[in-house]
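Hello,

Here is the structure I promised to pass on to you. Have a look at it first, and then read on for what I found.

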Amino acid sequence: MHSIRLSHLSVFAGVAFKILILCWIVFLLPNKAVADSAGLKQTCRLISGKLASVSFEDCNSGGLVESGAFSVQGKPILLKEYHPLGSRLPRARVLVVGGTHGDEYSSISIVFKWMQILDIHHSGLFHWIFVPLLNPDGLLQERSTRTNASGVDLNRNMPSSLWFEMGYQQWFEVADRNPRYYPGHYPSSEPEASFLSELIHYFEPHAIISVHSPLGLVDYDGPGSPPESLGSLDLRRLGNFPGTLGNYAGVNKGIPLITLELPSSVRLPPDTEISSLWRDLVRWLIETVPVDTGGKGIWVEREDIELTREHFGK
Ligand SMILES: [Zn+2]
């Protein structure tokens with residue numbers, strides 16, 4: 001008797017669970033979709049209100065979606081994926097990131113421009129993910145800031161291996177405790193940095209392009225051969241630092257990483273230069289990525305050498 005009751009109970013529980021799932025699918029999913037699109041719309045309205053070169057339609061109708069991750073102030077971090085095409089196996093996966101620092105306007109705008117180029121020319125050559133604005137709170141304040149809403153430099157908050165040993169020490173000694181370079185309380189303490197490291201973990205890019213300003217150069221971390229120049233910008237390797245994307249992705253994870261430093265934070269390069277930069281980037285990707293480590297297996301870089309060459313601009 002007892003067992004019959006139990007089995008009745010378990011059947012009832014099973015049916016109830018199925019009804020619950022059904023309700024969730026029928027009622028909650030559409031609401032989630034509406035909420036998502038409202039979040040995208042609202043964020044695009046704010047971005048286009050801040051950046052003259054990004055229209056609301058560029059942002060809202062360009063295929064960007066909410067990643068599911070949010071900034072400290074609850075703004076969605078947007079991304080756009082250019083999936084592999086059925087007819088062609090992509091050569092590699094490539095991640096493009098802009099707006100790590102909210103006051104580097106050109107680093108966000110140029111990523112939107114490149115997405116417009118790819119909207120027309122995506123041929124399946126690469127599998128791309130674009131994150132045009134990693135730090136929405138930094139950009140979307142009345143006075144845009146380098147740091148996020150918690151006052152943390154996201155390019156010092158990545159979970160790189162020497163963060164605990166050297167992150168704070170370098171901030172004290174080299175950056176003279178400048179708040180613009182504050183690395184946070186602990187690695188990945190910030191949702192934006194945490195999102196980026198998770199995206200790298202799951203997407204497993206073969207190369208990363210990270211756009212900054214205003215040093216006017218090409219920097220490079222990781223294995224492989226860096227490009228000697230891109231557009232009118234020449235290679236000048238600056239080294240990296242605990243908590244930077246260069247240290248985390250390039251040095252620790254061995255992913256070739258180009259940091260493109262545009263010459264101005266407020267002015268976009270001319271259209272011809274925007275196209276040249278993109279053409280040269282794609283050319284370099286075709287020639288170099290995936291990187292051949294020469295059969296040496298895991299690529300290792302001497303962190304101590306790299307870390308002596310840090311430049312505090314990026
Ligand atoms: Zn920057």
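To get you oriented, in which helix does L199 lie? L199 belongs to helix α6, which spans residues 191-203. L199 counts as buried because it has 20 C-beta neighbours inside 10 Å, and 20 is the number at which a residue is called buried. S67 is 132 residues away from L199 along the chain, yet their C-alpha atoms are separated by 9.5 Å.

Before going further, please keep in mind that this is a predicted model. The mean pLDDT of the protein is 86, with 81% of its residues at 70 or more. Two stretches need some care. Over residues 1-36 pLDDT stays under 50, and the model has 1 contact beyond four places in sequence for them. Residues 302-311 also have pLDDT under 50 throughout, but for these the model has 19 contacts beyond four places in sequence.

Now the overall picture. The protein has 314 residues, and 42% of them count as buried. Its secondary structure comes to 9 helices and 9 strands. Among contacts with a separation of 6 or more, 77% are between residues 24 or more positions apart.

Next, the sheet. It is an open one made of 7 strands, in the order β1-β2-β4-β3-β5-β9-β6, and the pairing is mixed. β1 (65-70) and β6 stand at the edges with a single partner strand each, so one side of each has no neighbour in the sheet. From one strand to the next, the twist averages 20°.

Two of the pairings are worth a look on screen. Strand β2 (residues 76-82) runs antiparallel to strand β4 (residues 127-131), and 3 bridges join them. Here K80 has F130 of β4 as its bridge partner. Strand β6 and strand β9 (residues 257-261) are also antiparallel, joined by 5 bridges, and Y220 stands opposite I258 in β9.

So is edge strand β6 covered or not? Strand β6 (residues 217-221) is mostly covered, with 5 of its 5 residues buried. L217, D219 and D221 point one way from the strand, while V218 and Y220 point the other way. Both sets are buried, the two aspartates included.

F130 comes up again in the core. The largest nonpolar core has 60 residues, and V94, V96, V97, V111, F130, I208 and I209 are those with the most contacts inside it. Helix α3 (residues 105-121) supplies the largest share of this core, 7 residues. If you would like a place to start there, try V111: leaving out residues up to four places away in sequence, V111 touches V96, G98, F130, P132 and V211.

Finally, a helix with two distinct faces. Which residues of helix α5 (residues 163-173) are buried? They are W163, M166, G167, Q170 and W171. Seen down the axis of α5, these buried residues fall within an arc of 130°, so they line one face of the helix. The spacing fits the general pattern: an α-helix has 3.6 residues a turn, so residues three or four places apart point the same way. On the face of α5 turned away from the buried side you will find the exposed residues E165, Q169, F172 and E173.

Enjoy exploring it, and do write back with any thoughts.

Best wishes

Terms used:
Residues are numbered from 1 along each chain as its sequence is written. This is a predicted model: local features need pLDDT of at least 70, side-chain atom pairs count only at pLDDT 80 or more; totals for chains, interfaces and linings use all residues. A residue is buried if 20 or more other C-beta atoms lie within 10 Å of its own, exposed if 12 or fewer, and partly exposed in between; C-beta atoms are placed from the backbone. Helices (H or I, at least four residues) and strands (E, at least two) are DSSP runs, numbered from the N terminus. The arc is that of the directions from the helix axis to the C-beta atoms. A nonpolar core is a set of buried Ala, Val, Leu, Ile, Met, Phe, Trp, Tyr and Cys residues joined through C-beta atoms within 7 Å. Two residues are in contact if their C-beta atoms, placed from the backbone, lie within 7 Å. pLDDT is the predictor's confidence in each residue, from 0 to 100. Two strands pair if DSSP finds at least two bridges between them. Axes are lines fitted to C-alpha atoms, for helices over the stretch in contact, and angles run from 0 to 180 degrees between N-to-C directions.
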